[in-house]
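Please open the structure in the viewer and set the chains in separate colours. The tour below proceeds by selection, with a description of what each selection shows.

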Amino acid sequence: MDVRYVARLARLDLSEEEAVLYQRQLDRLLEHVESLQRLDVSQVAPTAQVVPLTNVLREDVPVPSLDRAAALAGAPAREGPFIRVPRIIEEQE
Amino acid sequence: MSAPHEWSATRIAAAVNAGEISAVEVLRAQQAQIERMEPEVGAFLSLTAGLAQEQARRVDEAVAAGRRLPLAGVPLAVKDNMCLQGTVTTAGSKILAGWVAPYTATAVARLLEAGCLPVGKANLDEFAMGSSCENSALGVTRNPWDLRRVPGGSSGGSVAAVAAREAALATASDTGGSIREPAAFCGVVGMKPTYGRISRYGLIAFASSLDQIGPIARTVEDAASMYDVMAGHDPMDATSLPRPVEPTARALRDDLRGLRVGLVREFDTKGLGVEIDAVYRRAYEQLAALGAEVVEVALPHAEYGLATYYLIAPAEASSNLARFDGVRYGLRVDGGSVQEMYGKTRAAGFGPEVKRRILIGTYALSSGYYDAYYVRAQKARTLMASDFERAFAACDLIACPAASSAAFEFGAKGDDPVAMYLMDYYTIPMSLAGLPALSVPCGFAGDGLPQGRELPLGLQLVAPLYEEARLFGAAHAYEQATRFGLDRVPPVLEGVR
């Protein structure tokens with residue numbers, strides 16, 4: 001496992017010290033986890049959920065939801081009804 | 001003459017409902033105790049006095065109007081990964097420091113409706129990741145039985161609050177053992193229901209296929225009553241079971257006649273040291289003395305539990321924690337671009353254990369590794385669930401330790417994460433199988449400590465899916481016969497450090 005690559009996937013900046021430390025600690029965990037390779041799981045289905053519920057739906061009827069003011073109250077940066085963030089789309093030249 | 005903060009939830013509710021004491025008076029006594037204990041124990045990240053007062057008044061009005069509430073006037077600690085509207089809810093993390101919840105978790109709302117008084121938000125390992133509460137980014141909680149030791153985790157604050165009589169009840173959550181292990185460490189009762197029994201709406205998610213809310217109390221009866229209030233289908237949680245809830249508080253037993261109790265071959269306690277081994281042997285003998293037929297069962301894949309869990313749980317966590325990106329709530333560290341903002345915010349906001357789990361989880365789900373790690377772990381999970389099915393053909397309940405040791409000292413696990421993960425050895429298999437399980441006090445371990453300073457140990461009982469009534473029933477019989485959690489109080493209550 002390349003911890004710096006995985007950190008990029010996870011959108012997580014790592015300092016040099018962290019990268020070295022976590023690489024070591026996670027390599028150790030992965031050694032431990034290797035034991036699973038010994039299992040014969042060829043005839044086994046994966047369990048995603050122990051108590052299988054499927055297609056849990058409700059009637060498509062609008063019901064009261066979270067008040068917008070309450071939902072926006074925790075936003076770090078606001079502009080009117082919007083949450084302000086750094087530029088997402090590159091400017092066209 | 002004992003004071004209200006020492007009473008059980010059952011006794012408080014009966015007294016308030018009968019008009020013998022007001023909820024406001026109960027609260028006053030409780031808050032005085034919190035003031036005395038907090039400098040030593042540090043169970044709470046924040047106190048919610050205003051809310052508690054409002055609730056107390058509401059309860060007193062309801063009782064005066066002739067209503068009877070199941071948990072009338074019972075002081076409640078709420079684990080800080082559960083939303084309570086208007087309160088700071090942090091999940092023990094800097095990334096949510098100061099965040100105010102705009103709604104209330106269903107389980108908590110049901111407790112408030114039943115008359116509970118929310119006294120404060122309890123400390124936890126950050127995002128419920130940990131077995132000692134040392135991973136909290138926002139506070140330190142100490143074990144009321146020995147302030148140099150951890151209360152266990154991740155629900156350390158919840159169990160410490162109840163053990164120190166700072167609340168009669170506490171909510172907690174369990175993903176791989178986070179209710180049962182700390183309950184054992186602090187000499188209280190902690191229970192994790194069948195997956196889906198209690199709504200996860202409003203519980204800040206760690207691993208969605210494993211997380212469950214459960215009760216912490218000083219007696220089995222109290223825990224059962226709390227479970228009865230919280231459990232049941234919730235349309236806001238698509239994984240909540242549509243099954244009706246069989247009441248448990250009225251199904252408590254005095255003996256174990258007619259029950260077969262399975263002892264797990266792979267969980268032999270010889271390796272835990274002479275003293276702890278003796279405590280568990282005595283506990284198993286006590287179950288037999290109460291009329292249970294004790295049999296041996298096997299969980300052949302138990303040894304793969306840790307590896308399975310430490311792939312599945314972090315994988316699910318890496319997905320659940322992707323929402324903490326600095327955009328809509330919580331901490332934001334500015335960056336020139338969105339990517340920079342994400343990277344810097346998450347770097348600053350998450351602690352080391354959370355980062356480790358996000359990394360290993362992301363890796364287990366990444367292209368090229370998904371089958372070898374995540375899917376394989378899910379298949380191992382099936383094998384473990386089948387082990388339990390087979391075991392429960394031969395017995396009605398399984399008995400085993402809730403943890404491999406008593407509470408350890410701060411820093412004892414060093415900087416090797418796997419050393420800490422091993423604390424979950426006995427609790428993980430049940431979580432993977434979604435089974436209801438609890439910890440009930442079963443004795444003390446001295447381990448060279450002075451007399452009267454011994455540390456609690458917990459007996460874990462496990463039932464088949466949906467058999468919470470059987471689980472609580474048996475635990476009650478054991479508790480009443482042995483009284484380990486009932487007769488002895490933590491030294492901190494007597495001013496002993």
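Begin by displaying chain A and chain B together in this predicted model. Between them, the two chains bury about 4,900 Å², and carbon and sulfur atoms account for 69% of that area. Next, select Arg11(A), Leu36(A) and Val50(A): within chain A these residues lose the most area to chain B, together 12% of what that side buries. The size of an interface is often given as the accessible area lost when the parts come together.

**The contact between the chains**

Extend the selection to every residue in contact across the interface. It takes in 49 residues of chain A and 65 residues of chain B. For the polar component, 19 residue pairs across the interface of chain A and chain B are in polar contact, with both partners at pLDDT 80 or more. The side of chain A that touches chain B receives two or more residues from each of the elements α1 (3-9) and α2 (16-33) of chain A. Of these, select α2(A), which supplies the largest share of that side, 10 residues. Colouring the side of chain A that touches chain B by class gives 33 nonpolar, seven polar and nine charged residues.

How many salt bridges are counted between chain A and chain B? The count is three. To view a salt bridge, show the side chains of Arg38(A) and Glu303(B), which meet at 3.7 Å, N to O.

**The largest pocket**

Now move to the largest pocket, whose volume is about 850 Å³. Select Cys83(B), Trp99(B), Tyr103(B), Tyr201(B) and Arg323(B); among the 30 residues that line the pocket, these lie nearest its centre. The lining of the largest pocket comprises 20 nonpolar, five polar and five charged residues.

**The largest cavity**

The last stop concerns cavities. Over the whole structure, a search finds four cavities of 30 Å³ or more, and the largest cavity has a volume of about 80 Å³. Which residues lie nearest the centre of the largest cavity? Select Trp145(B), Cys186(B), Gly187(B), Gly485(B) and Arg488(B), which hold that position among the 15 residues of the lining. Then highlight strand β10 (residues 437-445) of chain B, which gives the most to the lining of the largest cavity, with three residues. By class, the lining of the largest cavity divides into nine nonpolar, three polar and three charged residues.

How values were computed: Residues are numbered from 1 along each chain as its sequence is written. Chains are lettered from A and ligands numbered from 1 in the order in which they are written. This is a predicted model: local features need pLDDT of at least 70, side-chain atom pairs count only at pLDDT 80 or more; totals for chains, interfaces and linings use all residues. Side-chain values use heavy atoms; hydrogens and water are left out. On a 1 Å grid over the protein atoms alone, a cavity is a set of points where a 1.4 Å probe fits but cannot get out, and a pocket is an open set with protein on both sides within 12 Å along at least five of seven lines; lining residues have an atom within 4 Å of a point. Grid points are joined across faces, edges and corners, and a volume is the space filled by probe spheres set on the points. Ala, Val, Leu, Ile, Met, Phe, Trp, Tyr, Cys and Pro count as nonpolar, Asp, Glu, Lys and Arg as charged, and the others, Gly among them, as polar. Contact means heavy atoms within 4.5 Å. Buried area is the accessible area (1.4 Å probe) that two parts lose on being put together, summed over both. A salt bridge is a side-chain nitrogen of Lys or Arg within 4 Å of a carboxyl oxygen of Asp or Glu. A polar contact is a pair of N or O atoms within 3.5 Å; within protein, one must be able to donate a hydrogen and the other to accept it, and residues adjacent in sequence count only if both atoms are side-chain atoms. Helices (H or I, at least four residues) and strands (E, at least two) are DSSP runs, numbered from the N terminus.
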